Amino acid sequence: MIDSLTCGGAEKSLVSLLPLLDYSKVEVDLMMVNMGGVFEQFVPKEVHIIPFPNQGGVLFKICQLFFSVMLRLYPQRHGAELRWKAMGTAYKRVEKKYDVAIAYQQGFPTYYVAEKVMAKKKIAWVNADITNVGYKASFNRPFYDQMDYVCPVSDKLHAILAASDFVDSKKLHTVLDILNVNLIREMAKQPLPTNSTQPLTICTVGRMVALKGYDLAVEAACLLKERGLKFNWFFVGDGGERTAVEELIKKYHLGNEITLCGMHPNPYPYMAAADIYVQTSRFEGFGLTIAEAKILGRPVVSTNFDVVHDQLKHEENGLIAEMTPESITDNILRLVNDDELREKIIANVKKEENTTYLTEIGKVERMIG
């Protein structure tokens, strides 16, 4: 179960995992709360997509009203927690019994699988640093206690969760986000939808939400322009912060420098065309787009969120900036102006081999037994 297959790291990871399963041994149902995501086209034909149980009735409507009230009363609480607290009793159970049920996301899918799905074994993926994005340990611990395995998507996230009260550390089993290297490189060969008109091309891919730090990217673009750099910066993605990002672009008069490309099921031509890939996240569970940019041989500048150190070593295979527009700007300019450093990073990135499609599927197969 997952919320949807719209653009995002968890969604991309799931559609990379599903083709690797042996369908002569397993039968897979995939439930999504919201249908119509751009990544649904990549779900293997062997997978049965099943509808989220139809909700309704007086109790459900009352709970919906309660949820809307709670959102206003407790704006600091995570929406998924409030949603389940207000409406959990009203959601219908899944009638089918399973050998294994997997919640491929924290929040609502985890709550639903824990309490509304019957299975001999239950597994929960954790794709984000839940200790830092508004979740409360006291609320989430009872749900994770019902899981046989809890799977953080990076070693650093494993360590963060092990030191927290969210989950029994004995349940933790790291499964790195899976990447299909050959598919990514093949998809990157598609024509670039929007051509760059400047000497330097920068790219950032991700949902337009506060955690992704697009405001930092816009402010860094402003500083780059002030320092005389000629560039096009492609923002590939969409989300709830798009209007705020558009307003910032207007405020700093960056309409000629920043292009909002919207959500694309194939962002790889933008990545492949970039001279520099920039990640401005405040928090990540892994940082899937960094791994993708490296697969395409791109030098990366990233902010110093905790788990970035699982992928980048500063000045070896990328640059790690402080979480400020000034530091992001300085590190971009280092790659622009220091040919020796840039070529060293590119060479080191090209030497790396991403083998998650071989190693991580084995972990999944052992867990599902």
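Helix 1 supplies four residues to the lining of the largest pocket, the largest share of that lining. The model is a predicted one, and the two pockets described here were found in it by computation.

The largest pocket has a volume of about 1,000 Å³. Its lining takes in 43 residues, and those nearest the centre are Glu11, Gln105, Gln106, Arg207 and Val209. Helix 1 covers residues 9-17 and is joined in the lining by helix 3 (79-87) and helix 11 (288-295), each of the three giving at least two residues. By class, the lining of the largest pocket holds 16 nonpolar, 17 polar and ten charged residues.

The second largest pocket encloses about 850 Å³ of space. Around this pocket stand 29 lining residues, with Glu27, Val28, Asp29, Val100 and Ile102 nearest the centre. The largest share of the lining here comes from strand 3, which provides six residues. Strand 3 spans 97-103, and at least two lining residues each also come from helix 1, strand 1 (29-32) and helix 14 (356-368). The lining of the second largest pocket is made up of 20 nonpolar residues, eight charged residues and one polar residue.

Helix 1 thus appears in both descriptions: this helix gives at least two residues to the lining of the largest pocket, and at least two to that of the second largest pocket.

Technical notes:
Residues are numbered from 1 along each chain as its sequence is written. This is a predicted model: local features need pLDDT of at least 70, side-chain atom pairs count only at pLDDT 80 or more; totals for chains, interfaces and linings use all residues. Side-chain values use heavy atoms; hydrogens and water are left out. On a 1 Å grid over the protein atoms alone, a cavity is a set of points where a 1.4 Å probe fits but cannot get out, and a pocket is an open set with protein on both sides within 12 Å along at least five of seven lines; lining residues have an atom within 4 Å of a point. Grid points are joined across faces, edges and corners, and a volume is the space filled by probe spheres set on the points. Ala, Val, Leu, Ile, Met, Phe, Trp, Tyr, Cys and Pro count as nonpolar, Asp, Glu, Lys and Arg as charged, and the others, Gly among them, as polar.
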